[in-house]
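Thanks for making the time this morning. I would like to walk through one model with you, starting from a detail of the backbone and then moving outwards to the whole chain.

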Amino acid sequence: NRLRQEIEDLEKDTGYKLRVLAQNYPDTPGLAIKDFWQVDDRTIVFVADPTFGNIINFNIGSLIDLDIPQSFWSRVAGKYGNMFYWKEKGEDASIEGAVMAISRCLREPTGASNCSEVF
C-alpha cells in the first residue's frame with residue numbers, strides 16, 4: 001500500500017508515470033502491458049525479475065530520458081538490483097528502495113546535478 005501511494009503521489013505531483021512489473025521469466029505479460037498501462041513518453045516501466053541476476057531493469061519513456069541522466073538508471077540498478085543486495089535484504093526491499101530513489105529523483109529540479117545521487 002505504501003508503494004502504491006508513493007507511485008500515485010509521484011504521478012499526481014510530477015506527471016510522470018511509474019509502473020512496476022514483478023515477473024519471473026518466462027512467465028511474462030509481454031507487450032500487453034503497453035496498452036493496459038497506457039505506456040507513453042512520460043512512463044517508466046520498472047521490471048523486477050530475479051531470473052538473470054540483477055533484479056532491476058527499466059524501460060524509459062523518451063521525455064523522461066531528456067530530463068534524467070542515463071547514469072541514474074544504471075546506478076539505481078547497480079545499488080538496489082544487484083544479487084547481493086536483494087538476496088540479503090529481500091526482493092521487496094530492493095523494489096522499494098528503487099521506487100523511492102526514482103521518486104526522489106523525479107521530484108528534484110532539472111539541472112546539471114539532477115539525480116546525481118542514489119540514496
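Let me begin with a question you can check on the screen: is Gln38 buried or exposed? Please keep in mind that what we are looking at is a predicted model. Gln38 is exposed, with a relative accessible area of 59%, and it sits in the loop between helix H2, residues 32-36, and strand S2, residues 43-48. I single out Gln38 for its backbone, since its phi is near 50°, a positive value in a residue other than glycine. As background, most residues other than glycine have a negative phi.

There is a second case to set beside it, namely Cys115, whose phi is near 60° and is likewise positive in a residue that is not glycine. Cys115 is found in the segment after helix H6, residues 91-107, and here the surroundings are described by the word buried, because the relative accessible area of Cys115 is 0%, where buried means under 20%.

Now to the aromatic rings, where the count comes to four aromatic pairs. Phe46 and Phe58 make up a tilted pair, with 5.3 Å from centre to centre and 50° between the planes. That pair links distant parts of the chain, as Phe46 belongs to strand S2 and Phe58 to strand S3, residues 56-60, with the two being twelve residues apart. Both Phe46 and Phe58 are buried. For Tyr80 and Tyr85, the ring centres lie 5.4 Å apart and the planes stand at 90°, so this pair is edge-to-face; Tyr80 and Tyr85 are buried as well. Finally, Phe46 and Phe58 join Phe72 and Trp73 in one aromatic cluster.

Stepping back to the chain as a whole, we have six helices and three strands, and from the N terminus on the elements run α-β-α-β-β-α-α-α-α. As for overall dimensions, a compact globule of 119 residues would have a radius of gyration near 14 Å, and the chain, at 14 Å, agrees with that. The C-alpha trace spans about 35 × 30 × 25 Å along its principal axes, and 40% of the 119 residues are buried. Among contacts between residues at least 6 apart in sequence, 58% join residues at least 24 apart.

I will finish with the surface and the charges. The accessible surface comes to about 7,000 Å², and 52% of it belongs to carbon and sulfur atoms. There are 13 positive and 18 negative side chains, and the centres of these two sets lie 3 Å apart.

Definitions and conventions. Residues numbered from 1 in each chain as written. Predicted model: local features only at pLDDT ≥ 70, side-chain atom pairs only at ≥ 80, totals over all residues. Heavy atoms only, no water. Helix = DSSP H or I, 4+ residues; strand = E, 2+ residues; numbered from the N terminus. Buried < 20%, exposed > 50% of the residue type's maximum accessible area, 1.4 Å probe, protein only. Rg over C-alpha atoms; globule rule 2.2 N^0.38 Å. Contact = heavy atoms within 4.5 Å. Areas by Shrake-Rupley, 256 points an atom, 1.4 Å probe, with all protein chains shown as cover. Lys, Arg positive; Asp, Glu negative; His and termini not counted. Charge placed at Lys NZ, Arg CZ, Asp CG, Glu CD. Phe/Tyr/Trp six-rings, centres within 6.5 Å; stacked < 30°, edge-to-face > 60°.
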